Every structure is written in structure tokens, then in C-alpha cells.
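Trainee: Please pick one part of this model and take me through it closely. I would like to see how the pieces around it connect.

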Amino acid sequence: MNATPPGWIRDGCSIAAMRLLAQAALPRPVFDFADGGAEDERTLRRNELAFDDVDFLPQPLRGAPTRDLSITLFGGTLNLPVIIGPTGLAGLLWPDGEVCAARAAHRAGTAYCLSHGSVCTLEALAETRVTPRWMQVFIYRDRGFTRELVERAAAAGYGALVLTIDNQILGSRERDIRNGFSIPPRPDLRSMMGLAGRLPWLWRMRGHLRHITFGNYVKPGDSAGIAKLAGRMPSLLDPAMSWADVDQLRMMWKGPLILKGVLSPAEAERAAKHGVDGLIVSNHGGRQLDGAVASFDILPRIRDAVPENVELLFDGGVRRGADVVKALAMGARACLIGRPQLWGLAVAGEQGVAHVLEIYRREIDRVMGLCGISRITDIGPDLLVRRK
Ligand SMILES: Cc1cc2nc3c(=O)[nH]c(=O)nc-3n(C[C@H](O)[C@H](O)[C@H](O)COP(=O)(O)O)c2cc1C
């Protein structure tokens, strides 16, 4: 389902402005679920602020008339170094939210990563045939279920597998607690306050709300009831996962294997030795361990720790094309975005996400032009100076 975006978002507005539009469109508990972080939200804030510690050192005299924003990744080409990261329950923000966001990514020529906790099943997304398409999983106490998900992702033709390692114990998202919002959300959506003024969202979601569930967890023949899944979910994940699990996944999955949630240079170095193809330097957007280092602050040390053949991806607080260019200069191949694509989704479904990606594209292009850079591969550490 699509919508015509409000006139003034067509010609460009900032990601921050999209956030405000999303806030106005969503009931408060839903907005806070997507927007919030763990505890005091220090890591969430620090993720965004860390980019301010470096400035550009432009060389306009080496400029070119046009810029090429494409990158190569796992043997393919993306038109843009911005990928849509996995975010659970995107279908709560817009009907068929995951499908809408994946279509927007496809149109922009970039990759979409489906969350374990998507409302639609991984097979339903695969039926749309949008590519590149990645699948994110966890390590479950029942390793048979991990295997099952991996096999389903392979059968459905997903191009890469993302193992998230920083979510085995759920962070304390205090906005959700205050709002009475639980993950998964309570089936009784009357508990959601603040619906006044959000009637378009309610109207749009009217046939969908009772189907909101974690699609990938519903066994054939089971009721899809989110209440049942709600009780089971926290006990499914295994906090005692280990490198042996990474090895198991490596054996099961033939395509690119990516670890998400890596912050320690030592862990990054070790991952390379376990045959992992890519790492996502990430603190889950500050939603898990509050006080964890900002992704941008640790990125250079991780770059130094891993061999060149391990693709380094990055997420956390990327709100401007300039942030993307800074992360690339510090050694990332591409950035993932979490919240910004959800804000786009909340504002105008597929069109809103397309618009968000277009904002990044234009901003990256402008920054590169102003810095005198014509190709992404020319972005290096010499582009930045660190503030005293
Ligand atoms: C609402 C929401 C749900 C998320 N769900 C998942 C998830 O299911 N799996 C996962 O690996 N990361 C999940 N994340 C984390 C994102 O993939 C990403 O690491 C983070 O949002 C990046 O930070 P940013 O939001 O500042 O871009 C979620 C993030 C948000 C905001």
C-alpha cells in the first residue's frame, strides 16, 4: 500500500524532518518503540554526536563533473553505500511495512535486510523477488530452530545471512515500559494511548493490527497469536552462545555470513579467523547496552583489527549523507540505517523509504562533490581531521 508523500517531502528534506513527520503520524507508544533506546539513551545520543568529532578536509581542485556512488559488496554492486538494516515489527508502522521498505531499497539499487522479527514471513518477502535481500537471525536455545531459520532463508534465496550477537538478553527500553508497550506489543491495542490525531495511521492499519505478529516464528498449524509468542520470545534466545555457534552457522550457510553487533576489536579479529565474510560495527542503535561505545568511535580500531577481505559495515546514528562519508573514510564499506527507514515508512510507506534513501543519495553526492571526490573508493582517512 502506498501513499502520496506530502508535497514538500518530494523535493528533499532532512532525515531529522522525516523523524518529526513520523512522530506526528504515529501513536506515541509506536513512535517511541521505533525511536527509543535503552535506559538513559546515552549510547543512542552518542552514536549521533560522535560524527561531530571529525571534520572534512576538502580538496575541491580535484573535483569531477559527476560522482559515482556505487560500491561493490560480496561480489555484487550497490548503487548507494546505504543499506536498510533489520528492524523488527516494521509492519506495525505501515501495512506490509517490510515489503514496502524492501521495494524502496530495490528501486534505489541497494540491499534490504529482513529482521528475524518481521511481521511478514521471510518467504512472503522472498515472493516479491526484491534483491539484494539479506536475512537476520539469532542463536536460539533450540539450535534446531536456528538451523530451521537458516535453511528457510537458503531455500527462499536470501543472498546473505546476518547473525546479530548483541541481543541475546533484551535491553531495557524504558520509553516502552513507561508507555505500557511491550515487545511484542500487547494484542490489546487499546492500551496504546495518544491515538488522537493519529487516525490516518489507525485507519490504514485497521485490517492489519490483529495480524501483527512475529511471522517467522509461527509454526504451521499454530495460531499466529502474538500473545502466545510474547510469552515465549525472551526465553527463546540463548545468552550462552559462543564461537562454536558461529562455526556451526558457517558450516550451514554457504553464502556471505555477517556478524552484527561487533564493537570489540579483539572480537572482530577473531571473527575473521572463524570464516565470517562481513562485520557490522553496531551497538543496535543504542537499544541494548546503554553505555556501550558509539559505533563511530570504535570503527577505526576495528578497521585496523580485521583483514581487508572482511567487509566492514557500520550502523548507528547515521542521519546525514555526511555521516555516511565519514564512516566510509574511517574504513566502512557501507552504512546501515535503522530508525530513518522506519520514519520514512511511517510517513509514506514505500514512497517514504524511497524518499529517505534519496535524501542520503543527494547528501552523499553533494558532500563528495564539495570535497573533490568522484568515486567512493577515493574516500579515505585523509578526508577527515579530528577535532582537538
Ligand atoms: C525499532 C527497531 C527494531 C530493531 N530490530 C532489530 C532486529 O530485529 N534485529 C537486529 O539485528 N537489529 C534490530 N535493530 C537495530 C538496527 O538493525 C540497527 O542496528 C540500528 O537501528 C542502527 O541505528 P540507527 O537506528 O541509529 O540507524 C532494530 C532497531 C530499531 C530502531
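Mentor: Start at Pro132, in the loop between helix 6 (122–127) and strand 6. Helices (H or I, at least four residues) and strands (E, at least two) are DSSP runs, numbered from the N terminus. Residues are numbered from 1 along each chain as its sequence is written. This is a predicted model: local features need pLDDT of at least 70, side-chain atom pairs count only at pLDDT 80 or more, and totals for chains, interfaces and linings use all residues.

The peptide bond from Thr131 to Pro132 is cis, with omega near -15°. Most peptide bonds are trans.

Now follow the strands. Strand 6 covers residues 133–137 and pairs with strand 7 (residues 160–164) in the parallel sense, over four bridges. Two strands count as paired if DSSP finds at least two bridges between them. Trp134 has Ala160 of strand 7 as its bridge partner. Helix 7 (residues 143–155) joins with these two strands in a right-handed β-α-β unit. Right-handed has a strict sense here: with the strands pointing away from the viewer, the path from the first strand over the helix to the second runs clockwise.

Look closely at strand 7. Five of its five residues are buried. Buried means that 20 or more other C-beta atoms lie within 10 Å of the residue's own; exposed means 12 or fewer, and partly exposed is in between, with C-beta atoms placed from the backbone. Side chains in a regular strand alternate between the two faces of the sheet. In strand 7, Ala160, Val162 and Thr164 lie on one side, with Leu161 and Leu163 on the other. Both faces are covered.

Leu161 deserves a stop. Setting aside neighbours within four places in sequence, its contacts include Met135, Val137, Val150 and Ala153. Leu249, Trp253, Gly255, Leu257 and Ile258 are also among them. Contact means that the two C-beta atoms, placed from the backbone, lie within 7 Å. Leu161 and Leu279 have the most contacts inside the largest nonpolar core, which has 111 residues. Such a core is a set of buried Ala, Val, Leu, Ile, Met, Phe, Trp, Tyr and Cys residues joined through C-beta atoms within 7 Å. Helix 15 gives the most to this core, with 16 residues.

Move on from strand 7. It pairs with strand 8 (residues 257–262) in the parallel sense, again over four bridges. There, Val162 stands opposite Ile258. Strand 8 in turn pairs in parallel with strand 9 (residues 278–281), over four bridges. Val262 has Val281 as its bridge partner in strand 9. Strand 8, helix 12 (residues 265–273) and strand 9 form a right-handed β-α-β unit.

Strand 9 also has two covered sides. Gly278 and Ile280 point one way, Leu279 and Val281 the other, and all are buried. Beyond strand 9 comes strand 10 (residues 311–315), parallel to it over four bridges. Val281 stands opposite Phe314 of strand 10. Helix 13 (residues 295–305) makes a right-handed β-α-β unit with strands 9 and 10. The buried residues of helix 4 (residues 42–49) pack against helix 13. They are Thr43, Leu44, Arg46 and Asn47.

After strand 10, look at Gly317, in the loop that leads to helix 14 (321–329). Gly317 counts as buried because it has 27 C-beta neighbours inside 10 Å. Not counting residues up to four places away in sequence, Gly317 touches Asn47, Glu48, Ala50, Phe51 and Asp323. Gly317 and Ser282 are 35 residues apart in sequence, yet 9.9 Å apart in space, C-alpha to C-alpha.

Finish with the ligand. There are 24 residues around it, and Ser115, Thr164, Gly285, Gly338 and Arg339 come nearest. A residue is near a molecule if its C-beta atom, placed from the backbone, lies within 6 Å of it. Thr164 ties this back to strand 7, where it is one of the buried residues. The shell divides into five nonpolar, 15 polar and four charged residues. Ala, Val, Leu, Ile, Met, Phe, Trp, Tyr, Cys and Pro count as nonpolar, Asp, Glu, Lys and Arg as charged, and the others, Gly among them, as polar.
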